[in-house]
Amino acid sequence: RVYPGCANFLLCRLQEGTLTAPRLKQEMIARGVLIRDASSFPGLNRYYFRVAVKDRQKNRKLLAALERVLDR
């Protein structure tokens with residue numbers, strides 16, 4: 001799930017019982033993409049992460065990496 005944002009950041013939540021945000025962060029780093037594990041944010045848990053909206057090329061790289069990790 002992606003939550004609406006007012007800046008160039010999007011807060012996202014993984015489905016519980018699947019991959020956690022800390023693990024997703026490590027998987028994304030291995031693919032050359034950095035995301036923010038938001039599990040330390042007040043009121044959030046280990047399934048929340050944040051991404052930055054960038055230029056078209058970087059956004060495509062982000063989406064492609066997320067698809068590879070989440071489609072396993």
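These legends accompany several close-up views of a predicted model.

**View 1. A salt-bridge network links Arg23, Glu27 and Arg31.** Let us start with the charged pairs. The structure holds 2 salt bridges, and this view brings in Arg23, Glu27 and Arg31, which are joined in a network of such contacts. In one of them, the side chains of Arg23 and Glu27 meet, with an N to O distance of 2.6 Å. Both Arg23 and Glu27 belong to helix α1, which covers residues 21–30. They sit 4 residues apart, about one turn of the helix. The side chain of Glu27 also meets that of Arg31, here at 3.1 Å, N to O. As a general reminder, side chains of opposite charge can pair when their charged atoms come close.

**View 2. The members of the network, seen by their exposure.** Is Glu27 buried or exposed? Glu27 counts as buried, because its relative accessibility is 10%, under the 20% limit. Arg23 has a relative accessibility of 45%, so it counts as partly exposed. Arg31 is likewise classed as partly exposed, at 26% relative accessibility.

**View 3. Asp37 is buried yet has no salt bridge.** Asp37 is found in strand β3. Which side chain of opposite charge is nearest to Asp37? That is Lys25, 6.1 Å away. A salt bridge needs a side-chain nitrogen within 4 Å of a carboxyl oxygen. The side chain of Asp37 does have a polar contact, made with the side chain of Ser39 at 2.7 Å.

**View 4. A patch of positive charge gathers on the surface.** Which residues make up this patch? They are Lys54, Lys58, Lys61 and Arg68. To take one member more closely, Lys58 has its place in helix α2, residues 56–70. Lys58 is partly exposed, as its relative accessible area is 49%.

**View 5. Gly43 is found in the loop between β3 and β4.** The two flanking strands are β3 (36–37) and β4 (48–52). With a relative accessible area of 79%, Gly43 is exposed, the limit for that label being over 50%. How far apart in space are Gly43 and Leu63? Their C-alpha atoms are 26 Å apart, while in sequence the two residues are separated by 20 residues.

**View 6. Val53 has its place in the loop between β4 and α2.** Val53 has 37% relative accessibility, so it counts as partly exposed. A second residue to pick out here is Ala65, 12 residues from Val53 along the chain. The C-alpha atoms of Val53 and Ala65 are separated by 14 Å.

**View 7. Thr20 is found in the loop between β2 and α1.** Strand β2 spans residues 9–13. Is Thr20 buried or exposed? Thr20 is buried, because its relative accessible area is 17% and buried means under 20%. For a sense of distance, take Val2 as the partner: Thr20 and Val2 are 18 residues apart along the chain, and their C-alpha atoms are separated by 15 Å.

Key
Residues numbered from 1 in each chain as written. Predicted model: local features only at pLDDT ≥ 70, side-chain atom pairs only at ≥ 80, totals over all residues. Heavy atoms only, no water. Patch = residues over 30% accessible without salt bridge, like charges linked within 9 Å, V, L, I, M, F, W, Y side chains within 5 Å. Areas by Shrake-Rupley, 256 points an atom, 1.4 Å probe, with all protein chains shown as cover. Lys, Arg positive; Asp, Glu negative; His and termini not counted. Charge placed at Lys NZ, Arg CZ, Asp CG, Glu CD. Buried < 20%, exposed > 50% of the residue type's maximum accessible area, 1.4 Å probe, protein only. Polar contact = N/O pair within 3.5 Å; in protein donor to acceptor, adjacent residues only side chain to side chain.
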